[in-house]
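User: Hi! Could you help me look at where a ligand sits in a protein?

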Amino acid sequence: MALEGRDLVSIFDLSDREIEAIFDLADEMDEHKDVGLKIADGSILCTLFYEPSTRTRLSFEAAMERLGGGVISVADASSTSVAKGETIADTVRIIESYADIIVIRHPLEGSARVAADYASVPVINAGDGAHEHPTQTLLDLYTIWREKGKFRDLSVALVGDLRYGRTVHSLAFGLARFGANVTLVSPLGLEMPAPLVERLRKEFGCTPTQCHSLADVVTDPKSLKRRKGRQKALATELLATFDAVYVTRVQKERFESDEAYQTAKQGYAITQEVLSRAQADALVMHPLPRVDELAYELDRDPRAVYFRQAAFGLPVRMALLAALLGKRPAKVKRARKGDYRPEPRREVDFRKMAQLKCPNPRCVTNHESYLRPQFTFVKHAADTVACAYCEHEVRSPLGSDERR
Ligand code: NCD
């Protein structure tokens, strides 16, 4: 299926081969990123941001300008009719008559899906709460691809706030789909949500090692205790196995209290000392912005690729806009055995769901009253359904037989 006219709400909306086709296009765009190429003349992009952004919004806007198109922008939704109570559905139905494509960032999980459902033009998710950030994943994967030339059997550590960090929620699956090994390193309480780890394991055959600090090298706490004396040496061993260390900020804005945030972020800085124990050609990545988790002294280290990574946002977003607008067809190769390909969502008949509501308080369905809760079947657990918007999983009131 061509990419023209499609939405990108989740990294699961693209097949493996489509992601590779976007990378090929990004290579081409990279050659034109400074002077531009006039292929989207007359097209308009609207960036609709309900949350702060520097890189994502500006690189999308620069990308559209470089393609020769125009940009209209809402950098602060409180300056719009949102302040008067206008819904996401109505807002995008107004914007679609002014713009050919919409990029939305919103604090509620599942909000980008709502925008995509209601807008007749393509919608790109630039971050919906703690849920997903698929275009960041495209540029993260592209960075690894450019730097390492492969994904298979690479060992990648995702470090930091894996609970609220939306970039890692999309990236873990991108990496798993392309055959990389994933290690999850997070402070206590900020682990990647268990259903995501389960899905990685059951659907994509990726069983991540999970640790609570970079010094933790074994998952079994008893074994850690036994080997305490050797902990430092073991830390060296583990760190030395990573081809890339992807660090994330503790997501302050998603915490209930400042106190909880302050406790969570303690002791999480990657310093030159830590890095001295990593591979000589390991990549240090970060979606940025950083707060305290990456020392400035690292910037001079050739392994620190985070600024280059952010710069790749431009050619990758040029490629994506060009493909979704149908201005440059992405050449998608034939699927290989075992490739991931999106399948139509299998929605559960709502009449059978006994008025079940999504239990996630940050789900868009609990904030926008015109939305009817909807659930889909999940592949990795027969007795579980997922909210069709935020993908929060809940035990199915139907039991496990109804899916057939
Ligand atoms: C990330 C985001 O907004 O989720 N930033 C970005 O898009 N580059 C990461 C973050 O804010 O920590």
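Analyst: Sure, let's go through the ligand site and then a nearby loop.
Analyst: This is a predicted model, where local features need pLDDT of at least 70, side-chain atom pairs count only at pLDDT 80 or more, and totals for chains, interfaces and linings use all residues. Residues are numbered from 1 along each chain as its sequence is written, and side-chain values use heavy atoms, with hydrogens and water left out.

User: Thanks! Which residues are around the ligand?
Analyst: Among them are Arg55, Thr56, Arg105, His133, Arg249, Leu288 and Pro289; a residue counts if one of its heavy atoms lies within 4 Å of the ligand.

User: What mix is that shell, nonpolar, polar or charged?
Analyst: It divides into three nonpolar, five polar and four charged residues. Here Ala, Val, Leu, Ile, Met, Phe, Trp, Tyr, Cys and Pro count as nonpolar, Asp, Glu, Lys and Arg as charged, and the others, Gly among them, as polar.

User: How far is the side chain of Arg249 from a ligand oxygen?
Analyst: A polar side-chain atom of Arg249 lies 2.8 Å from an oxygen atom of the ligand. For Thr56, an N or O atom of the side chain is 2.9 Å from a ligand oxygen, and for Arg105 the distance is 3.1 Å. A polar contact here is a pair of N or O atoms within 3.5 Å.

User: New topic: what is the peptide bond from Leu288 to Pro289 like, cis or trans?
Analyst: That bond is cis, with omega near 10 degrees. Leu288 also has a positive phi, near 65 degrees.

User: Why point those out?
Analyst: Because most residues other than glycine have a negative phi, and most peptide bonds are trans.

Technical notes. Polar contact = N/O pair within 3.5 Å; in protein donor to acceptor, adjacent residues only side chain to side chain.
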